[in-house]
Amino acid sequence: MQFFRKTILGVLLACTGLNAAAQVIQAPSAPTSAPSTLPAGVPRPTQGTVPAGQTAPIQGGNRSQGQGGQTGTTQQGTRGQSQGQTGTTQQGTTQQGTRGQTGQQGTGTTQQGQQSGTDANGAKSSNATDDPIQDVDNTQEKTETELLRERELAAQRRKLFGYELFNNPGNSGMFQPNLNIATPKGYVVGPGDQLNINIYGFSEATYLSVVNPDGFIYVQRVGPIHVSGLSIEQAKVRILDRLAKIYVGLKSGPYGAANTYMVVTLGDIRSIRVTVTGEAIRPGTYTVSSLSTAMNVIYQAGGPSEIGSFRNVQVIRSNRVVASLDLYDFVTTGVQRNDIRLQDNDNIRFSTFKSHVEINGSTRRNNIFELLPGEPMSRLLELAGGFSSNAYKARVKVTRFTNRELKVIDVIDSEFANFPMEDGDQVAVESVLVRFENQVGIQGAVFRPGVFSLDQNKTLKQLIASAEGLKGEAFTGRIQIVRTREDMAIENISLNLADILNGVKPDVELKREDQVIIPSRFEMAEFAEISITGEVITPIPATPYVSNMTLEDLILRAGGFKESAASAQIEVVRRKKDVDVNSKSAQVSEIFRFNVDRDLSIKPSDSQFLMYPYDQVIVRRSPNYRIQTFVNVEGEVVMPGEYPVVTKDQRISDLVKMAGGITPFAYVQGATLVRAVQLSEAELELRQQTIQELADDSPKAVVKTEATKQATEQLIGISLQKILANPGSQEDMILQEGDLLRIPKQLETVRVGGEVLLPTTAKYRSGQTFQDYISQAGGFTSRSARKRAYVVYANGSADRTRRFAFFNVYPRVEPGSEIIVPQQTRGELTPLQVISSTTGILGSVMTLITTVLAFRLLK
């Protein structure tokens, strides 16, 4: 049993080993005999995984069709067609363009991936492994130091001059080869190119042939013709020699002159593979069109890296350098020197830079520039676009690294052409000073104040002449020159300009930054005003004083007199300037009175009174001038409405007569006079304070107050019955503007309100008393202040309740009256308070009785 177990275990182990060996054998590497670069169109199958940096070989097919291999496809087409397909491989993209495309020409890039473990510069990373999953983990586990280094490199790349040209996403359509051009001279034919052979003339024929991988084209009845490696012109001569054996007329001979002609053109173009090595942004192998130049591939590779050189990009062909490109020539001047057309298996190599110099400050370009050995500072300034307009061009500061420390070098302008630059130099171009070397200024009472050139205005007189001279109000007795000395201190120089202008004193020489100040007489004078108020059309509270202005001029400026003006009493109030300070009765102002004609035209009778500064003119109102005023009457009169106040002593009885008298239904006892009252702010505040104090001073009743308004109407209680019985008596009041006399119709109701059980309106009945109407309202409540009840009559008057001994004497009630019962402020009495009050009252009564009996006994 144990033997069988060991046997089964051995068989299982053997099977497991064989399975593992089979899996290893099934994934062989790419054959080493295969070439690193395969021309497009070679009918060779691909198996397995394409090595890093290579594109998948393309299976058989012509150039007008695109067929993909096992792991990738190749975009192909015919010349003159617009088509584009994208072929992808495991490591990159292989695209081919066709001549005559109207869209973007397809290009292909083959970049190293994570399997090869390469960085942006093409060098294998120290952490790269053959396991792609492990590479991803290592990428995600970057330290903060590595991330900081990447940000520093990215910032340095952005500062490199020319970096943005090759790495700007907006320039994606740049540096693409033109496939619509004519067949270029010197074009070298290679495998994959399509040659169009057209024969015309005496004989006509057309042949379309594709150069096979061995370099031959096949022509019917002629056979293979080797054209690979020949220029398009050489290929044409060889084809002509071979076809002349069939078409005799292609060449002149014993049979006569040539009568048949041949044209060889390039049809579909082949793809070539170019390798980019060195310090490039994206090194690798690129599949491009055979019409591509070095600049096309340089752009696809992203240009030089942060340590790559812009000045020495080498094109290596067959192990020798065939061209060197200086990218600065194209970036600065647009000239593409040595931009040769690439061939299959060419190598573009980016070497490291020799020296980087950074320039900052007042230049048109602040970047890091690459300089070749021996190039001076003048070349650096040329690459930087030259100085900006505000640059200080006389001196440039250079910060340079030594073997131990830094040092600063001042380079003057005469040394720019010979001063050599070194790697790591930092050049700083400063700005000019914010000051003027030849500026002087003038301000004040001149016609053109401002700044002027010292070169053309060396003296004070010349500066005043340049400012178009002095104004009339210029004060020439004392002017000032504010001068900035060499130690930056400010000093003031006072001059008598009148003496200089008259030649009494010599002219003054000006210096840089001088400021000449010429004062105006108006600035030295106090601003004077005059005013006119009162009965004029447009009162003027304040207007500037003008010389020689008369009283009539000021009245005219105010629009003339109003109709109500008392023109015979015009007062001018003038201040006194020589007041005796020691006199108690000193006169502080003067009053002048004038009689001014309303016709303000100039005439001999004018006052000719000249106004002085600060005069105040007062135009009084005429004492006899009155504006029409009106009063109103409404209610039970024959003609209610508005009536004018004819005389100053017009009374209520006069108004009733003007209204045609009262009607038979008039309730004379209820007549009321309503008068509008306009309170001032002080009166309003005092009245509100008084009402509040009276309300708070009532300990036994609540008084509800209303807010007092500034403009209110008050009801004045009058006795119209007495007025009509005795007109002109003391009861007959004198009317005022806006008064309203209301004479109501016969009233037959009485209103009961306040602290009663049921506030109501009752029918007035003759003979009923105050208590009767209270009873009709349900009687008093427990909180009624009976002693403070009062009656408001229809004419606005009121009467209160009076107290006699222990009894309340209530006022009479008339038609239209309103009975108001206030509310008590104290609460209901407790039984103990009732007993105490009763005991006190009984004690007082017994004392009174005992006193009365004692007096009787004494008698």
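A charge is said to sit over a ring if NZ of Lys or CZ of Arg is within 6 Å of the ring centre and within 35 degrees of the ring normal. In this predicted model, Arg575 fits that description: its charged end sits over the ring of Tyr614, 4.1 Å from the ring centre. Next to it in the sequence, Arg574 does much the same with Tyr612, where the distance from charged end to ring centre is 3.9 Å.

Rings also meet other rings here. The count comes to nine aromatic pairs. One of them brings together Phe161 and Tyr328, whose ring centres are 5.3 Å apart and whose planes make an angle of 75°, an edge-to-face arrangement. These two partners come from distant parts of the chain, 167 residues apart. Phe161 belongs to the loop between helix H3 (144–159) and helix H4 (163–166), while Tyr328 is part of helix H7 (residues 327–333). As for the surroundings, Phe161 has a relative accessibility of 7%, so it counts as buried. Tyr328 comes out at 1%, and therefore counts as buried too.

Another pair is made by Tyr200 and Tyr261. Their ring centres lie 5.6 Å apart with the planes at 35°, so this pair is tilted. It, too, links distant parts of the chain: Tyr200 sits in strand S4 (residues 194–201) and Tyr261 in strand S8 (residues 260–266), with their positions 61 residues apart. Tyr200 is partly exposed because its relative accessibility is 41%. Tyr261, with a relative accessible area of 40%, is likewise partly exposed.

Going back to the edge-to-face pair, Phe161 and Tyr328 turn out to have company. Together with Phe166, Phe310 and Phe369, they form one aromatic cluster.

Turning from rings to strands, five of them make up an open sheet, running in the order S20-S19-S23-S21-S22 with mixed pairing. Strand S20 (450–453) and strand S22 (490–495) are the edges, each of them pairing on one side only. On average, neighbouring strands in this sheet are turned by 20° against each other, direction ignored. Within the sheet, strand S19 (residues 439–444) pairs with strand S23 (residues 515–518) in the parallel sense, over four bridges. To place that pairing on the sequence, Gly441 can be found opposite Gln515 in S23.

Terms used
Residues are numbered from 1 along each chain as its sequence is written. This is a predicted model: local features need pLDDT of at least 70, side-chain atom pairs count only at pLDDT 80 or more; totals for chains, interfaces and linings use all residues. Side-chain values use heavy atoms; hydrogens and water are left out. Rings of Phe, Tyr and Trp (its six-membered ring) pair if their centres lie within 6.5 Å; planes under 30 degrees apart count as stacked, over 60 as edge-to-face and the rest as tilted. Helices (H or I, at least four residues) and strands (E, at least two) are DSSP runs, numbered from the N terminus. Buried means under 20% relative accessible area, exposed over 50%, partly exposed in between (1.4 Å probe, protein chains only). Two strands pair if DSSP finds at least two bridges between them. Axes are lines fitted to C-alpha atoms, for helices over the stretch in contact, and angles run from 0 to 180 degrees between N-to-C directions.
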